[in-house]
Amino acid sequence: MRPSRTTLVLGVALAGVTGSASAQPRRPVVTTVAMVHPTAEAPPGWDLSRADDVLARIGRAATGDPRRGALEISSALLAGVEPHVAAAGLDSLGVLARPESADAILRFLDHRRVSLRRRALIAAARLHTPAMLRAIDARLGDSDPEVRAEAARTLADVADPTSVRALWAAFEHEAGSGLGSEGTALLQESARALGARGSEQDVDRLLTYLRRAPFGALARAFEASLRRPELPDPVKLRVVQAIAGIATPQARELLTRLVDEHRGRSTPAIDAARSAVSRIQ
Amino acid sequence: MKPLALVLPLVLAALGGGCANTGISRGAFSLGTPASDAVVLAAVADRVRAAAPAVLPPVVAIVADDPAQGLSIVDLGTGAVVGRVQAPIASRPVVAGDLVVARVAGAVVAWSLQGAERWRVPDEGLDLVGASRDGDRVALVLGGAGVTRRRGVVRVVTAGDGSTLARTEIAHALGLPTLVGDDVFVPWDGQNLSVLDARNGDELSRVRSRDDVVGFSVREGHAVYYGARALYRLGAESASGTAAGTPHYQPRPDELPGAAAFALDGYTSLRAGLDARERVRLAWRPDPALPGVALLHNTVFALYHRDVFALDATTGALRWAYVSPHDLAGVAVVRAGLVVVDDHGGASLLAPDDGRARWRQALPVGGPQAVLQLAADFAPAPNTDDPPRTLVESLLEAAGGSDARLLPAQRFAAQRLAALPGAPATAALVSILTRRGLSPELRAVVGEGLVGRTDGTDAMIEALDLHYDYVRGVDVPPVGFLARALAAAHERRAVSSLVSHLFDPATPTDDLAPIVVALRELGDPSSVHALADFVRLYHADVGAVAPVGGGDAIIERDITDQGHLNAAVEQAIETIARVGAAPERALLDRVRAHPVAPETVRVAASRVRDGAPPEAPAEAPPGDGAAPAAAGTDMTFGAPAGRLGPDAIDGAMSARRPEVLACLRDAPSRPAQLRVQFRYDGDGRVSNVSVMPAAFQACVAPIVAAVQLPTSLAVRELGTWICPTAY
């Protein structure tokens with residue numbers, strides 16, 4: 001059996017991100033840890049030709065020591081297992097969310113099976129390393145529409161600002177693709193991701209697509225934006241006013257959902273939504 | 001015999017002369033009339049030589065989009081419309097000096113270039129085959145239903161009022177006529193060229209071809225030419241009646257776009273308006289100034305809708321290609337080059353040496369059919385100076401575009417491009433191959449053209465740097481072809497890119513095996529680990545998987561894709577067995593014992609583990625300076641000995657080509673080629689045959705599977721055979 005590879009990983013802990021008044025930014029604390037990589041050989045005692053046995057071992061590995069479990073499962077996946085076993089292994093790696101899984105997840109992000117690529121994306125979202133984010137970004141351009149949409153969903157969950165540019169590229173590619181009032185799955189998911197995780201500027205930019213992109217996809221984006229507690233009221237008000245401005249039944253439906261969701265509350269955006277709902281026939 | 005041969009024509013001429021006063025000849029075209037001898041034909045040629053040159057105003061008759069609306073006559077010297085004919089045109093018009101002649105309902109009508117009707121004669125229920133003007137007479141030939149419909153009329157009329165000077169109706173098919181002085185040259189029945197007296201219709205002399213076809217006659221300067229599949233110059237030698245005994249130009253048998261014949265069928269009338277026969281044809285003009293039979297510029301221009309290919313008439317070498325912005329409605333060869341008129345009214349003069357436009361003129365009208373009358377010395381003053389273009393650049397343009405009609409021309413351009421040496425041609429081929437929406441047929445032609453090129457591999461490597469990206473709009477590069485080409489060129493710089501495509505899910509599964517084979521042939525040690533990873537990942541990749549959102553497990557790969565994947569894994573196993581180190585070779589034990597691995601994969605692993613791995617050749621490939629392999633630790637595969645080359649495959653397959661072509665008989669659509677992929681082993685057995693277009697799979701596959709290929713060191717390899725379908 002080939003020996004495991006070991007590399008040094010920089011662990012960066014950012015301190016003081018919560019509104020420190022100090023003029024001197026605090027330096028990040030850098031620690032080094034040794035990370036063991038999985039091998040491409042079956043873990044000791046695993047017979048990879050017996051799927052049931054491997055599935056049972058994956059189950060045990062997933063509930064034992066996370067680091068060791070991630071290594072064993074990753075090694076098994078890289079050594080080659082049947083696809084339904086790989087699916088279970090990737091699901092487990094997603095649960096374990098250990099950096100030792102990275103090699104296996106990256107490999108399966110490029111697997112020829114759509115179902116395994118999607119599972120690898122879900123597992124990748126839990127790792128949140130720059131390399132993994134780049135790999136997820138790349139799947140926005142996948143040849144399969146389900147994988148593309150899964151990648152956008154994953155990026156919405158990951159909530160990393162570095163992915164916003166890739167999401168915009170995907171959104172704008174799809175914005176003109178037609179497909180009725182809903183748009184493609186990638187459009188819906190990239191719009192939702194931008195609405196949920198984009199900056200104020202991103203939300204304002206989304207508003208410019210009203211009447212230019214399928215409303216169903218934009219509605220998902222704006223609903224996500226309006227639910228964000230940290231988004232300033234003026235931005236939310238602009239969103240509501242813009243939706244009210246198009247005065248379509250779909251716009252009324254969206255605003256009605258907003259009003260119902262916040263029954264009894266009063267903010268500038270909700271008040272404007274109430275007013276618009278009563279006005280739009 | 002000789003005295004009789006001399007006397008008989010005189011007797012027949014005397015008989016014919018007896019009817020001269022009636023103006024109607026009953027002796028012409030008689031089957032019993034013998035061919036003329038050399039003396040008589042020399043005298044005819046002398047009369048032609050002495051005749052006054054024909055007057056040919058430089059005009060073009062442009063038929064309206066709806067031929068029922070008539071035509072316009074444009075002076076190409078000034079670009080101005082000089083006349084309009086408001087009559088429903090029923091045949092392709094003929095410009096005959098200062099007349100335009102065409103068939104209308106029930107009559108053949110002549111108009112002046114200003115559009116005024118001059119005269120009309122009955123069409124006698126026949127199409128207008130052709131008309132020829134010389135002096136104050138016009139010769140008309142009616143018929144036009146093909147060489148097998150044997151009824152025709154020759155009528156000679158005065159150009160001024162259309163009064164009939166001679167009329168002959170016969171039960172023969174008549175071809176395109178030519179009038180020179182008092183002689184009317186009329187091809188007939190595909191075999192003969194009779195010379196009639198324009199004054200009375202008597203047959204004066206005759207050429208009978210014993211081994212070729214005669215369909216047209218044409219005057220050029222002081223000579224008359226005739227022929228159909230070849231071009232003959234009328235003279236004393238014509239009396240031999242054989243191609244060998246008569247100076248002639250024999251067109252090269254090159255495969256041209258649309259399989260255009262040397263000349264249009266002279267016995268079949270062209271219709272008014274858009275006639276596809278005019279859009280796909282060859283244009284040329286005899287050069288009477290040269291001895292023997294030669295073409296102006298020694299060039300044949302192959303037309304295909306919008307494209308023009310200029311080919312050396314002697315060697316077939318391509319000189320240049322030109323792509324018109326619109327379909328070409330008419331062309332004419334002149335000494336200054338090729339004049340083209342497109343269906344939007346754009347006229348250009350293309351220089352004969354490089355195809356650059358030297359003169360352009362926007363005509364006031366356009367239409368689907370433009371009939372040009374230009375003397376050979378027509379030479380408008382140059383008014384444009386397009387930048388020079390290389391042959392590669394012009395072929396690149398001709399091979400591109402999205403006009404599906406142009407596929408045969410695109411294929412021709414791509415084939416000619418592939419035949420050109422040099423890096424720019426390679427780059428152009430790669431550029432075509434990486435275009436989005438490229439038709440599978442053209443992709444195969446270009447891809448096969450790339451394999452075997454050794455210069456310009458940088459362009460191939462650059463193309464491999466691209467990976468499919470839906471959002472950025474990047475298509476999958478043609479990895480399979482590039483892999484084969486780069487392996488053949490021993491281009492090791494491609495290894496990392498090929499590995500990267502091996503693991504790219506967007507790479508088509510049928511490209512995986514060529515990638516693996518290429519990696520083996522390139523022999524870079526770094527690829528062994530990648531190939532082992534590939535085997536690990538896919539050796540047991542069969543069966544169904546539950547969707548992410550739950551539900552019944554589904555099989556995500558069809559049988560064809562699974563077969564391609566298995567073939568790639570097999571190839572990787574072969575490679576590992578040859579050059580892998582112990583850890584990689586140990587992997588093969590696991591593969592052959594895996595219960596769900598596809599049988600072909602398990603058998604391959606067993607085969608290479610049980611038996612000795614395929615032996616490395618005694619010598620390294622030429623030019624590869626690598627040292628001989630140390631057992632199992634190096635990657636100097638020496639793969640060429642393990643595969644059959646394209647020539648070996650083609651040689652074996654071609655013997656069955658007639659049977660394969662029989663499969664295409666009665667097919668509603670005949671492809672230009674069949675692409676046959678298959679597996680073969682060292683004993684030359686063929687299996688797993690895949691045929692494109694798939695419509696011919698059932699018929700062709702068993703034929704190909706029965707072919708015995710030459711033996712080789714291959715354990716299991718993939719082969720491709722491109723079967724051209726042109727007869």
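How many residues does the contact take from chain A, and how many from chain B? It takes 29 residues from chain A and 27 residues from chain B. Keep in mind that this is a predicted model.

On the chain A side of that contact, the elements giving two or more residues are α2 (66–79), α3 (83–96), α5 (114–125) and α8 (164–175). The top contributor to the side touching chain B is α5(A), with six residues. Sorted by class, this side of chain A has 11 nonpolar, eight polar and 10 charged residues.

Staying with chain A, let's look at helix α12 (residues 233–246). Its 14 residues should span 20 Å at 1.5 Å a residue, and the end C-alpha atoms are indeed 20 Å apart, so the two agree. Lys236(A), Val239(A), Val240(A) and Ile243(A) are the buried residues of α12(A). Looking down the axis of α12(A), these buried residues sit within an arc of 95°, so they line one face of the helix. The background is simple: an α-helix has 3.6 residues a turn, so residues three or four places apart point the same way. Pro234(A) and Gly245(A), on the other side of α12(A), are exposed. As for packing partners, the buried residues of α12(A) sit against α10 (200–207), α11 (215–226), α13 (249–261) and α14 (268–279) of chain A. Right after the helix comes Ala247(A), with a positive phi near 50°.

Over in chain B, helix α4 (residues 391–399) is mostly covered, with seven of its nine residues buried. Those are Leu391(B), Val392(B), Ser394(B), Leu395(B), Leu396(B), Ala398(B) and Ala399(B). The cover over the buried residues of α4(B) includes two strands, β22 (307–312) and β23 (318–323), along with helices α5 (407–419) and α6 (423–433) of chain B. Just past α4(B), Gly401(B) has a positive phi of about 90°.

Chain B also has an open sheet of four strands, in the order β24-β25-β26-β27, with antiparallel pairing. At its edges are β24 (328–334) and β27 (357–362) of chain B, each of which pairs on one side only. On average, neighbouring strands in this sheet are turned by 15° against each other, ignoring direction.

Another antiparallel pair in chain B joins β29 and β30. In the hairpin these two make, four residues lie between the strands, and Gly684(B) takes a positive phi near 85°. Here are two strand pairs of chain B side by side, each with one pair of facing residues:

| Strand pair | Sense | Bridges | Facing residues |
|---|---|---|---|
| β24(B) and β25(B) (residues 337–342) | antiparallel | six bridges | Val333(B) and Leu338(B) |
| β29(B) (residues 673–681) and β30(B) (residues 686–692) | antiparallel | five bridges | Tyr680(B) and Val686(B) |

As a general point, side chains in a regular strand alternate between the two faces of the sheet.

One last stop is a loop residue. Where is Ala289(B)? It lies in the loop between β20 (280–283) and β21 (299–304) of chain B. Is Ala289(B) buried or partly exposed? It counts as partly exposed, because it has 13 C-beta neighbours inside 10 Å, and a residue needs 20 or more to be buried and 12 or fewer to be exposed. Between the C-alpha atoms of Ala289(B) and Thr509(B), which sit 220 residues apart along the chain, the separation is 61 Å.

Methods: Residues are numbered from 1 along each chain as its sequence is written. Chains are lettered from A and ligands numbered from 1 in the order in which they are written. This is a predicted model: local features need pLDDT of at least 70, side-chain atom pairs count only at pLDDT 80 or more; totals for chains, interfaces and linings use all residues. Two strands pair if DSSP finds at least two bridges between them. Axes are lines fitted to C-alpha atoms, for helices over the stretch in contact, and angles run from 0 to 180 degrees between N-to-C directions. The expected span of a helix is 1.5 Å times one less than its number of residues. The arc is that of the directions from the helix axis to the C-beta atoms. Two residues are in contact if their C-beta atoms, placed from the backbone, lie within 7 Å. Ala, Val, Leu, Ile, Met, Phe, Trp, Tyr, Cys and Pro count as nonpolar, Asp, Glu, Lys and Arg as charged, and the others, Gly among them, as polar.
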